[in-house]
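Got your viewer open and a hand on the mouse? Let's take a walk, one selection at a time.

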Amino acid sequence: MSDSGRQLFPDQNPFSTARVKPGAIEFHFCDDFSAARLVAVLQENRWRGEVVGPHGSGKSTLLRTLFPAIEAAGRKVRCYVVKPNDRHLSMFTADQATWTDSTQVVIEGYELLSRRGQKLLDRVCREKQAGLLITCHKPQGLPTLFQTSITVELAISLVEQLLSKECDFITPADVRDSFSRHGQNLRELLFEMYDLYEQRRPQESPRRA
Amino acid sequence: MEVSLDANLASSSRSRFAGNRNPVGSLMEPLLSLQIAEPRRIYQPGDELACECQIDAVDAKEIQAVETSVLWYTEGKGDEDLGVHYFNRRVPGDCENRDLRPMHRFTTILPNSPLSYSGKIVKVRWCARVRLFLKKGKELYFEQPFSLGNIADSRDDRS
Amino acid sequence: MARTFRLWLKKRGGRRTGSRLAGSVGEAVFFGILFLLGAVSLTAVITSQVRNPTPEIYRLGFGFWLMVLVMASFALIGGIGIVWTALFAGTSAERRSALVKHAAGMDLISDAMPTSLEYPNVPRDAYLTNSPGVKLKYRLPTEQAPVWRLGLSALIFLLSTGMTSVLSVIVTQHHMAGSPDWFLTLFMAPLIVVNLWAVRYFFGELRGQTRFGPTCIEISDHPLRPGSDCEIFVSQAGRLSLTSLVIWLVCEEEATYSQGTDIRTEIRVASRSQVLREEATQIEDGAPLECSGTLRVPSHAMHSLQSGHNAIRWKLVIEGKSERSGTMKRSFPVIVYPTVKQRTDA
């Protein structure tokens, strides 16, 4: 809701969920990977693929970075998130009739689907010739499009990107320390940075009515 | 209500793009300004909030609609919640000369809750917002924060 | 307190004809015996038929099947009874009523009534003020009853006792038939040890729950407002020696973040202030500890808030420490409304 780049309030925390949620920050590709290249690979695999990675490693962020490129390739993205209390296909049963060969079905949390749900989804996508892109923590048998992973350098780079230039009370040493505890879970690392920022930010003078 | 994110930094009086980052078909980007009429920054429940907004540097025919709102939202470690207290949408047909650019004033009586709050993992923010809809699907928005209520910072409590 | 059980008795308030602890234990023992009787008998009948089947008794009618039905009923009723006793031991009347209404696990806070138009996003307090107090105007409901540990111990007790009794019957039958199964016999030893531990664990939990009897908190005014005072009365029942009993006024922030398949909820204490404190006191059965004082909400405190993913909650938390009975912690939610001030002129 608040602007990601503008300091509207003096006590605004750069690590609040609005600033770090998928879509708020771009996915940082390493080496010569890019969104366009990944979409090209996806297209070569007949629009089927999986993004594999541990919790909080940026799978959802990567998806949101890929969506514009997928849509630019002429496909309509239909994204569904499987919740632990809804492991069947009820969420997209109504939508299936609208899927076509230009639909890119995206499933976050594919592993949470029941085995029957997974088979049914795969069958429907094949029948409609719709693409299927999933996120998972372990390979599920689709062509691996990308494996997300976090390095300490990437974590430091992201934290520095979020902090303002004037902020000197969170250092790379803090990020390294947090990384040693949370490893591949960047989400938990950023939440810890939130707490650190709250503890260390300078106290403002009391307001008067 | 959807809020589009914009990575471009700007000063408090300039407009902000949402969605497409390319300028709107002119050399200058549209200029949105929003001011809270009364100079004091801490309001109380029941106070009247008066705001003025104005649009410049854009042709009147390019404007599809202007929305003004007074809202609150949460910020912190949880998903954001939003509550709209005041909302008004104007289209060119609402104005005599079909021009939405001149200064427009709007007022609202502020509610009893929720009050502005700066907590450890939950914060409650209030702001007035103006959103400009241009042709070809482009949007710009600008917001001006204010405080409602006189709640102590949770960090003041050392217990 | 009456010494003998009377058939006809008009009761008012919290008077009882006997010890709450004895009642809960007795209930558990009764249902336990019923369960054992049913389980053992059923096992004996089924195993005897497995070893020496007599098909002529399987025809429908009064006889074999009726016996199976009766024994199965004993086991079922006994098992349910133990779990029921475990759930309601040490709970207040309000919580029992709430549990009955929402058997799937009701959270009193999240099921609070919708907010009013006058105070948007401030939870309604109707469910907190629908129970009048004895000394003061309102009696607060407790936030949760610590049932899961007792329920878990009851489940472990049932399972281990059931398994042990069934295997005991089988082993005994083998020995009596002159063909002892030594492997199974030796296996019974550790199983009996586990079962004895489960029995001790269950009754220990039951005793812990009932030693710290019900807690009653009453306040003179609700909702609360920042800077306001009201009277508070606390009554702690049980049969134990307390080293300390402290009542806190706590403000918590709760934030829920869901991304993809991950849902993360964090609760953080924003403020905590001591309301009452009692040191080194003895509580006797039928003579609860009673204390009263003033409940003061800090000025400029944030009001209660409930939105889709975030909340600010106030509660009274009572912490009791006992050397022999451990620690008790119970929470009583309250609602803090915003202070409505006069409009200020520009």
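Which way do α7(A) and α8(A) cross, left-handed or right-handed? Keep that in mind while you find the pair, and remember throughout that this is a predicted model.

**Stop 1: two helices late in chain A**

Select residues 172–182 of chain A for helix α7, then residues 186–200 of chain A for helix α8. Their axes come within 9 Å and cross at roughly 135 degrees. With that angle, the two helices α7(A) and α8(A) are therefore oblique to each other. As for the question, the crossing of α7(A) and α8(A) is right-handed.

Now show the side chains where they meet. On α7(A), pick A:D174, A:S178, A:F179 and A:H182. Facing them on α8(A) are A:E188, A:L189, A:E192, A:M193 and A:L196. Colour this contact by class and you should get 4 nonpolar, 2 polar and 3 charged residues.

**Stop 2: another helix pair in chain A**

Next, select residues 35–44 of chain A, which is helix α2, together with residues 59–72 of chain A, helix α3. Here the axes are 9 Å apart and the packing angle is about 65 degrees. α2(A) passes α3(A) in a right-handed crossing.

Which residues meet here? From α2(A) come A:A35, A:A36, A:L38 and A:V39, and from α3(A) come A:T65, A:L66, A:A69 and A:I70. By class, that contact of α2(A) with α3(A) has 7 nonpolar residues, 1 polar and no charged ones.

**Stop 3: the domains of chain A**

Zoom out and colour chain A by its assigned domains: 35–147 is domain 1 and 150–199 is domain 2. How far apart are the C-alpha centres of these two domains of chain A? They lie 30 Å apart. Where the domains touch, 5 residues of domain 1 of chain A are in contact with 6 residues of domain 2 of chain A. The domain 1 side of that contact has 1 nonpolar and 4 polar residues, with no charged residues.

**Stop 4: over to chain C**

Chain C also splits in two, with each domain built from two stretches of sequence. Select 20–88 + 149–210 for domain 1 of chain C, then 114–143 + 214–334 for domain 2 of chain C. Taken over C-alpha atoms, the centres of these two domains of chain C are separated by 41 Å.

**Stop 5: where chains touch**

Bring up chains A and C together. Here 13 residues of chain A are in contact with 5 residues of chain C. The chain A side divides into 5 nonpolar, 5 polar and 3 charged residues.

Then swap chain A for chain B. This contact takes 29 residues from chain B and 31 residues from chain C. On the chain B side, look for 9 nonpolar, 13 polar and 7 charged residues.

**Last stop: colour by confidence**

Switch the colouring to pLDDT. Chain A has a mean of 87, and 90% of its residues reach 70 or more. Among the elements of chain A, strand β1 (residues 48–52) has the highest mean, 95, and helix α4 (residues 90–93) the lowest, 68. Residues 1–5 of chain A are below 50.

Chain B averages 81, with 77% of its residues scoring at least 70. Its residues 1–26 stay under 50, although the model has 48 contacts for them beyond four places in sequence. Where pLDDT is low, the predicted coordinates should not be read in detail.

Terms used: Residues numbered from 1 in each chain as written. Chains lettered and ligands numbered in written order. Predicted model: local features only at pLDDT ≥ 70, side-chain atom pairs only at ≥ 80, totals over all residues. pLDDT = per-residue confidence, 0-100. Contact = placed C-beta atoms within 7 Å. Axes fitted to C-alpha atoms, helices over the stretch in contact; angles between N-to-C directions. Helix = DSSP H or I, 4+ residues; strand = E, 2+ residues; numbered from the N terminus. Parallel < 35°, antiparallel > 145°, perpendicular 65-115°, else oblique. Left-handed = near helix turned anticlockwise from the far one by under 90°. Nonpolar A, V, L, I, M, F, W, Y, C, P; charged D, E, K, R; others polar. Domains from an automatic or database assignment.
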